[in-house]
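Colleague: I have a model open and want to test a few labels against it. Can you take me through the reasoning?

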Amino acid sequence: MKNFNYFAPKGLQEVHDLLAKYPESSYMMAGGTDLMVLMGSKQIIPDYLIDLKKAGLSYIKPTTEGLVIGATTTLHEIESSPLLRERCPVLTTTCSDMASYSIRNLGTIGGNLCNASPSADTAPPLIVLGAKVKIQGPRGERIIPVENLFTGPGQTVLKKGDVLTEIQIPDLPTSAKAVYLKFKRNNGMDLAVVGVAICLFVDGPGKVCQEARIALGAVAPTPIRTPAAEEALKGKVLNEDLIRETGIKVKEAARPISDVRSSLEFRMALVEVLVCDALRQLKVLLGQGT
Ligand SMILES: Cc1cc2nc3c(=O)[nH]c(=O)nc-3n(C[C@H](O)[C@H](O)[C@H](O)COP(=O)(O)OP(=O)(O)OC[C@H]3O[C@@H](n4cnc5c(N)ncnc54)[C@H](O)[C@@H]3O)c2cc1C
């Protein structure tokens, strides 16, 4: 590995100053669990490495509208947060099924999003929760929905000098529930072959679906929503026929590829199965029986 200069700035302003001072071949690092792999394979050769871990971006806080999570909060801090377990259980269970303990202890939620892998596990649940990210850079600050962050594999809307600083998650009403199901090749650590997140909002007594949000991971160049299937669920009560129809409809939106983890055909079949399983779990969580 080529020698590089390492900085550990003690605040966001210092991060911005360093990014401005070394605009070329400087890279931000949070946990380094994606970055170090790319450096090891020489896909990235930094002259300047800016470590974000001491920049004051590690926190989980309640707000009046929901919760905010600092970008360098680790996956382990998320999975073990009592506040998140109570207010946003889908995110704690998602993070607890990622990587290994040692990787979760280093890897961060901001790094998972900024690395922009199509299979990034935190993206689909954050999308169906309606989460937003705060981006701070030389052009000021902007807040965008997580689903608008990704532009392609490994690519985001972040421009030179931009830092993703915070994830903002609105509270769900009690009549809404979300689940994320991930299929991987083994019971240990692995990236998702397919990931499916669904959030359903129902009315109180009748359990009629008021709103549905479905996001898929690892079946397209970026995480995707499935508007046609979401629309088709509105105004209906979940039953086995509707669940199966939705599985087929969601599959129509998937555009997977074959790679080392799976064939295209297997991914297509998995989408349908995972969507049906997720809807069956939601039926129980929403108190509609088994
Ligand atoms: C063995 C192993 C198993 C894994 N298993 C999983 C898994 O099951 N699911 C999964 O989704 N991922 C998995 N990963 C990938 C990785 O661990 C996660 O994506 C992790 O969350 C990355 O976070 P990080 O802090 O380590 O990112 P880093 O490696 O530090 O950074 C990743 C990229 O994001 C940029 N970046 C980081 N933070 C910011 C920020 N705040 N603002 C702007 N840019 C930023 C960096 O410059 C870099 O380009 C695995 C990795 C390994 C090595």
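Modeller: Start with contact, which means heavy atoms within 4.5 Å. This is a predicted model.

Colleague: Which residues of helix 10 meet helix 11?

Modeller: On helix 10 they are Glu240, Ile243, Arg244, Thr246, Gly247, Ile248, Val250 and Lys251. Their partners in helix 11 are Met268, Val271, Glu272, Val275, Cys276, Leu279, Arg280 and Lys283. By class, that contact has eight nonpolar, two polar and six charged residues.

Colleague: What describes the packing of two helices?

Modeller: The angle between their axes and the distance between the axes. For helix 10 (residues 240-253) and helix 11 (residues 264-285), the angle is about 145 degrees and the axes lie 8 Å apart. Their crossing is right-handed.

Colleague: Now the ligand. What makes the pairing with methionine 28 a polar contact?

Modeller: The cut-off is 3.5 Å between N or O atoms. A backbone N or O atom of methionine 28 sits 2.5 Å from a ligand oxygen, so the pair qualifies. Alanine 30 also qualifies, because one of its backbone N or O atoms is 2.7 Å from an oxygen of the ligand. With asparagine 112 a side-chain N or O atom is used, at 2.9 Å from a ligand oxygen, so that pair passes too.

Colleague: How much of the ligand's accessible area does the protein cover?

Modeller: It covers 89% of the 990 Å² that the ligand has on its own.

Colleague: Which element supplies the largest share of the shell?

Modeller: Helix 7, with four residues. The shell holds 30 residues, divided into 17 nonpolar, nine polar and four charged.

Conventions:
Residues are numbered from 1 along each chain as its sequence is written. This is a predicted model: local features need pLDDT of at least 70, side-chain atom pairs count only at pLDDT 80 or more; totals for chains, interfaces and linings use all residues. Side-chain values use heavy atoms; hydrogens and water are left out. Axes are lines fitted to C-alpha atoms, for helices over the stretch in contact, and angles run from 0 to 180 degrees between N-to-C directions. Helices (H or I, at least four residues) and strands (E, at least two) are DSSP runs, numbered from the N terminus. A crossing is left-handed if the near helix is turned anticlockwise from the far one by less than a right angle, and right-handed if clockwise. Ala, Val, Leu, Ile, Met, Phe, Trp, Tyr, Cys and Pro count as nonpolar, Asp, Glu, Lys and Arg as charged, and the others, Gly among them, as polar. A residue is near a molecule or strand if one of its heavy atoms lies within 4 Å of it. A polar contact is a pair of N or O atoms within 3.5 Å; within protein, one must be able to donate a hydrogen and the other to accept it, and residues adjacent in sequence count only if both atoms are side-chain atoms. Accessible areas come from the Shrake-Rupley method with a 1.4 Å probe; for residues, only the protein chains shown count as cover.
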